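Let us take a walk through this model together, from its aromatic rings to its interior space. Keep the viewer open as you read.

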Amino acid sequence: MKAIVLTSFGIPEVLEELEVPVPALTDTQVLIEMHASSINPADILFRSGAILQSPMADKFRAQLQLPFVLGNEVAGIVKKVGEKVRHFKPGDRVMGMVDRGSYMDYVAAEEDLLAVIPESLTFEEAGAAPTVALTAWQALFEHGRLQSGQRILVQAGAGGVGHAAVQLAKQHGAYVIATARDYNHDFVKGLGADEVFDYTKVDFATQITDPVDIVVDSAMDPSTFGTGLPGEIGKKNYSVIKNGGTYISVVAFAINQYPKVRDIDACFFQARPNRTDFESIVRHMKENKLRIHIDEAYPFTAEGLLQAYRKSEELPKRGKVVISKNVR
């Protein structure tokens with residue numbers, strides 16, 4: 001079968017098509033014919049090798065043995081199931097996450113990391129959703145314990161996690177403030193944001209006059225990536241959160257060790273894939289309460305993935321960049 005693999009670290013041209021064996025299944029896994037996947041910021045950090053220069057390098061170095069298949073999201077059709085699989089059968093349309101590598105014709109995924117998708121969802125929509133929707137979902141409802149009527153600030157509201165968080169927060173009755181570059185303001189307001197500020201042009205901390213209950217931050221502040229601590233954006237986040245509020249970051253990995261400020265509950269987390277949350281996300285998508293915006297879709301080829309990575313590193317950014325077998 002075909003896989004698109006990383007053969008060395010660097011520019012997108014290091015991606016190549018190779019023939020690799022179809023994955024063998026364990027008793028708890030499902031073999032999926034991949035129809036669509038997508039690109040996340042972590043994929044860019046892995047592809048470029050930047051992750052190996054970060055304080056998190058030791059955690060990932062053992063995983064990054066070249067050649068390496070990137071991608072951890074999949075949408076497709078179940079072809080085979082392990083002996084202990086109970087929730088899926090051949091022919092099911094599914095979406096979910098894999099432990100390693102989804103840019104392949106067939107991927108093996110744990111049963112508990114998948115959910116069935118309805119015919120009303122395209123594979124492209126489903127392939128774009130798992131990581132960003134799950135991260136937004138758990139940030140808001142597991143870590144943020146969002147309640148109707150609360151005020152929330154979503155950083156990078158036009159991005160993958162941000163645009164999902166804006167929609168989910170608004171659907172659950174929150175007053176939503178978001179940051180986005182000015183050319184994305186109409187897009188973010190269309191998702192449900194009540195206020196939008198361009199943090200590259202105005203000091204959002206001075207524009208937000210009433211404190212917020214929750215901040216969800218997925219903005220890639222360069223100083224935060226280098227240290228894991230709140231950078232300039234992070235410090236401004238603190239200034240707009242009310243005493244005893246909640247600061248959730250998916251970028252500041254050392255924020256848990258940061259001195260506590262005004263009893264604010266600050267945490268960094270990485271999404272915890274599970275079937276229950278994926279099923280809730282699919283239900284929201286089916287009911288049109290959550291729409292994952294596809295910025296562009298590219299064919300499942302080395303050249304297509306190269307173009308997809310180039311697109312994902314350009315401005316403006318909105319939602320997700322997808323690779324799909326349905327695109328030629």
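A residue is called buried when its relative accessible area is under 20%, exposed when that area is over 50%, and partly exposed in between. Keep in mind, too, that what you are looking at is a predicted model.

With that scale in hand, start at Y258. Its relative accessibility is 26%, so Y258 counts as partly exposed. Y238, on the other hand, has a relative accessible area of 6% and is therefore buried. Y247 is buried as well.

How do these tyrosines relate to one another? Searching the whole structure turns up three aromatic pairs. In one of them, the ring centres of Y238 and Y247 are 5.0 Å apart and the planes meet at 85°, so this pair is edge-to-face. The rings of Y238 and Y258 make a stacked pair, because their planes are at 25°, with the centres 5.6 Å apart. For the label, what counts is the angle: planes under 30 degrees apart are stacked, while those over 60 are edge-to-face. Y238 takes part in both pairs, and together Y238, Y247 and Y258 form one aromatic cluster.

It is worth tracing where the stacked partners sit along the chain. Y238 belongs to helix α9, which covers residues 232–240. Y258 is found in the loop between β12 (241–249) and β13 (265–268). The pair therefore ties together parts that are 20 residues apart in sequence.

From the cluster, Y247 leads on to an interior space. One cavity of 30 Å³ or more is counted in the model, and the largest cavity has a volume of about 40 Å³. Y247 is one of the residues lining the largest cavity, along with D217, A219, D221, T224, P230, G231, I233, G234, V251 and A252. Sorted by class, that lining comprises six nonpolar, three polar and two charged residues.

Now move to another part of the fold, strand β3, which spans residues 29–39 and holds H35. Is H35 buried or exposed? Its relative accessible area is 14%, which means that H35 is buried. Leaving aside residues up to four places away in sequence, H35 touches A75, G76, I77, F123, I323, S324, K325 and N326.

One of those contacts, F123, gives us a last stop. R93 lies over the face of F123, at 4.3 Å from the ring centre. F123 thus has H35 among its contacts and R93 over its ring.

Conventions:
Residues numbered from 1 in each chain as written. Predicted model: local features only at pLDDT ≥ 70, side-chain atom pairs only at ≥ 80, totals over all residues. Heavy atoms only, no water. 1 Å grid on protein atoms, 1.4 Å probe; cavity = no way out; pocket = protein on both sides within 12 Å on 5 of 7 lines; lining within 4 Å. Points joined across faces, edges and corners; volume = space filled by probe spheres on them. Nonpolar A, V, L, I, M, F, W, Y, C, P; charged D, E, K, R; others polar. Helix = DSSP H or I, 4+ residues; strand = E, 2+ residues; numbered from the N terminus. Buried < 20%, exposed > 50% of the residue type's maximum accessible area, 1.4 Å probe, protein only. Contact = heavy atoms within 4.5 Å. Phe/Tyr/Trp six-rings, centres within 6.5 Å; stacked < 30°, edge-to-face > 60°. Lys NZ or Arg CZ within 6 Å of the ring centre and 35° of its normal.
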